[in-house]
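Visitor: I would like a close look at one part of this model rather than a quick tour of everything. Could you start with a single residue and work outwards from there?

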Amino acid sequence: MAHGHDVLHMMEGNTYKTKEDLVKAIIARFGTEERFHTCSAEGMDANEIVDFLAERSKFTLVQGGFTVDTSKICNH
């Protein structure tokens, strides 16, 4: 089970136009069966981890899409 931080680090330096683009990138990187966990949740699929991270304002809007806000990645 991969941690949500792994998704955020995967996003560093990359921009995704839509949520669907990000979900596809996560599946390409981690596989369709991978489940994700964080400090407060577990068992999430690619769609669910994106929603979870978005709800916690981990993304930044940029021209042409969105990317990770690296200042919001906790280091534990």
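Where does Ser-57 lie with respect to H3 and E3?

Guide: Happy to take you there. A word on the ground rules: this is a predicted model, in which local features need pLDDT of at least 70 and side-chain atom pairs count only at pLDDT 80 or more, while totals for chains, interfaces and linings use all residues. Residues are numbered from 1 along each chain as its sequence is written, and side-chain values use heavy atoms, with hydrogens and water left out.

Ser-57 sits in the loop between H3 and E3. Helices here are DSSP runs of H or I with at least four residues and strands are runs of E with at least two, numbered from the N terminus. The backbone of Ser-57 has a positive phi of about 55 degrees, although this residue is not a glycine. Most residues other than glycine have a negative phi. With a relative accessibility of 38%, Ser-57 is classed as partly exposed; the classes are buried under 20% relative accessible area, exposed over 50% and partly exposed in between, for a 1.4 Å probe and protein chains only.

Lys-58 belongs to this loop as well, between helix H3 (46-55) and strand E3 (59-62). Lys-58 has a relative accessible area of 17%, so it counts as buried. Beyond its neighbours within four places in sequence, Lys-58 is in contact (heavy atoms within 4.5 Å) with Leu-8, Leu-53, Thr-67, Val-68, Asp-69 and Lys-72.

Follow E3 along to Val-62, which is placed in that strand. Val-62 is partly exposed because its relative accessibility is 32%. Not counting residues up to four places away, Val-62 touches Thr-15 and Thr-67. The C-alpha atoms of Val-62 and Lys-17 are separated by 9.3 Å, with these positions 45 residues apart along the chain. In the loop between E3 and E4 you find Gly-64. Outside its neighbours within four places in sequence, Gly-64 has contacts with Thr-15, Tyr-16 and Lys-17. From Gly-64 to Lys-19, 45 residues apart in sequence, the C-alpha to C-alpha separation is 13 Å.

Leu-8, one of the contacts of Lys-58, leads us into H1. Gly-4, His-5, Val-7, Leu-8, Met-10 and Met-11 are the buried residues of H1. Since six of its eight residues are buried, H1 is largely enclosed by the rest of the structure. The cover over those buried residues includes strand E1 (2-3), H2, strand E2 (36-37), H3, E3 and E4. Met-10, leaving aside neighbours within four places in sequence, contacts Tyr-16, Leu-22, Ala-25, Ile-26, Arg-29 and Phe-30. Just after H1, Gly-13 takes a positive phi of about 80 degrees.

Met-10 also brings us to the largest nonpolar core, which has 22 residues; Val-7, Met-10, Met-11, Leu-22, Ile-26, Ile-49 and Phe-59 have the most contacts inside it. Such a core is a set of buried Ala, Val, Leu, Ile, Met, Phe, Trp, Tyr and Cys residues joined through side-chain atoms within 4.5 Å. The elements giving two or more residues to this core are helix H1 (4-11), helix H2 (19-30), H3 and strand E4 (65-68).

For another loop, look at Arg-35, between H2 and E2. Arg-35 has 32% relative accessibility, so it counts as partly exposed. Its contacts, neighbours within four places in sequence aside, are Met-1, Ala-2, Gly-43, Met-44 and Asp-45.

Now step back to the whole chain. Three helices and four strands make up its secondary structure, in the order β-α-α-β-α-β-β along the sequence. The chain is as compact as a globular protein of its length, because its radius of gyration of 11 Å is close to the 11 Å that the globule rule gives for 76 residues. That radius is taken over C-alpha atoms, and the rule is 2.2 Å times the number of residues to the power 0.38. The C-alpha trace spans about 30 × 25 × 20 Å along its principal axes. Buried residues account for 39% of the 76 residues. Of the contacts between residues at least 6 apart in sequence, 56% join residues at least 24 apart.
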